[in-house]
Amino acid sequence: MKNFFSSVKKQGPLKSRMQLSIDKDMVDSQGMLTLWNLMDTMNSIKENRIQSLFINDRYEESVKNIDLKLYRNAALGEDLLVESNFAPNGKRKVDLKVYISKRIKGEPARRVCKAIYTLTIKRK
């Protein structure tokens, strides 16, 4: 695992940020973000982050646990900030932490949800 993190640090940062705008395809009839679309978004972020960190085909990952906490809902037209980072978790595991929050100018950030994916990354 130590070699994985040292090679990842050479390739780029362990943290990432991206903006996400909620459109009409992501909401229910009341205009609120659906859990299904939120999970799809977080899973696609996980896949992109894992694929961007694999330097070569020597490594593979498997999800061991997902810890999801919902704090509040988001509505149509709101902009969300998605932050993700990797953290070591023992000898053979790594946590991918994904935080989604609402950012309104002039107000503190309001967390929408947090997901922690516990992954094992090993050589093939």
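Which element of the protein chain has the lowest mean pLDDT, and which has the highest? Helix 1 (residues 2-11) sits at the bottom with a mean of 60, while strand 4 (residues 93-102) comes out on top with 89. Keep in mind that what you're looking at is a predicted model. Where pLDDT is low, the predicted coordinates should not be read in detail. For the protein chain as a whole, the average pLDDT is 82, and 85% of the residues score at least 70.

**The overall layout**

Let's walk along the chain. The protein chain has two helices and five strands, and they come in the order α-β-α-β-β-β-β as you read the sequence. Of its 124 residues, 40% count as buried. The accessible surface adds up to about 7,800 Å², and carbon and sulfur atoms own 48% of that.

How do parts that sit far apart in the sequence come together? Take the contacts in the protein chain with a separation of 6 or more: 65% of them involve residues 24 or more positions apart.

**The salt bridges**

How many salt bridges does the structure hold? There are three, and here they are, with the distance between the closest N and O atoms:

| Positive residue | Negative residue | N to O distance |
|---|---|---|
| R17 | E83 | 2.9 Å |
| K46 | E47 | 2.8 Å |
| K102 | E78 | 3.7 Å |

Start with R17 and E83, whose closest N and O atoms are 2.9 Å apart. This pair ties together distant parts of the chain, with E83 in strand 3 (residues 79-88) and R17 in strand 1 (residues 15-21), 66 residues apart. E83 counts as buried because its relative accessible area is 19%, under the 20% cut-off. R17 is exposed, with a relative accessible area of 61%.

Next come K102 and E78, with 3.7 Å between their closest N and O atoms. They also link distant parts of the chain: K102 belongs to strand 4, E78 to the loop between strand 2 (59-70) and strand 3, and 24 residues separate them. K102 is buried at 13% relative accessibility, and E78 is partly exposed at 24%.

That leaves K46 and E47, whose side chains meet at 2.8 Å, N to O. K46 is buried, with just 5% relative accessibility, whereas E47 is partly exposed at 34%.

**A look at helix 2**

Helix 2 covers residues 35-53, and R49 is part of it. R49 is buried but has no salt bridge. Why not? A salt bridge needs a side-chain nitrogen of Lys or Arg within 4 Å of a carboxyl oxygen of Asp or Glu, and the nearest side chain of opposite charge to R49, that of E83, is 11 Å away, so the pair doesn't qualify. What does the side chain of R49 make with the side chain of S84? The two make a polar contact at 3.1 Å.

S84 turns up again with another residue of helix 2, I45. Is I45 buried or exposed? I45 is buried, because its relative accessibility is 7%. Setting aside neighbours within four places in sequence, I45 is in contact with M18, V82 and S84. I45 and S84 are 39 residues apart in sequence, yet their C-alpha atoms are 8.3 Å apart in space.

Technical notes: Residues numbered from 1 in each chain as written. Predicted model: local features only at pLDDT ≥ 70, side-chain atom pairs only at ≥ 80, totals over all residues. Heavy atoms only, no water. Helix = DSSP H or I, 4+ residues; strand = E, 2+ residues; numbered from the N terminus. Buried < 20%, exposed > 50% of the residue type's maximum accessible area, 1.4 Å probe, protein only. Lys, Arg positive; Asp, Glu negative; His and termini not counted. Polar contact = N/O pair within 3.5 Å; in protein donor to acceptor, adjacent residues only side chain to side chain. pLDDT = per-residue confidence, 0-100. Contact = heavy atoms within 4.5 Å. Areas by Shrake-Rupley, 256 points an atom, 1.4 Å probe, with all protein chains shown as cover.
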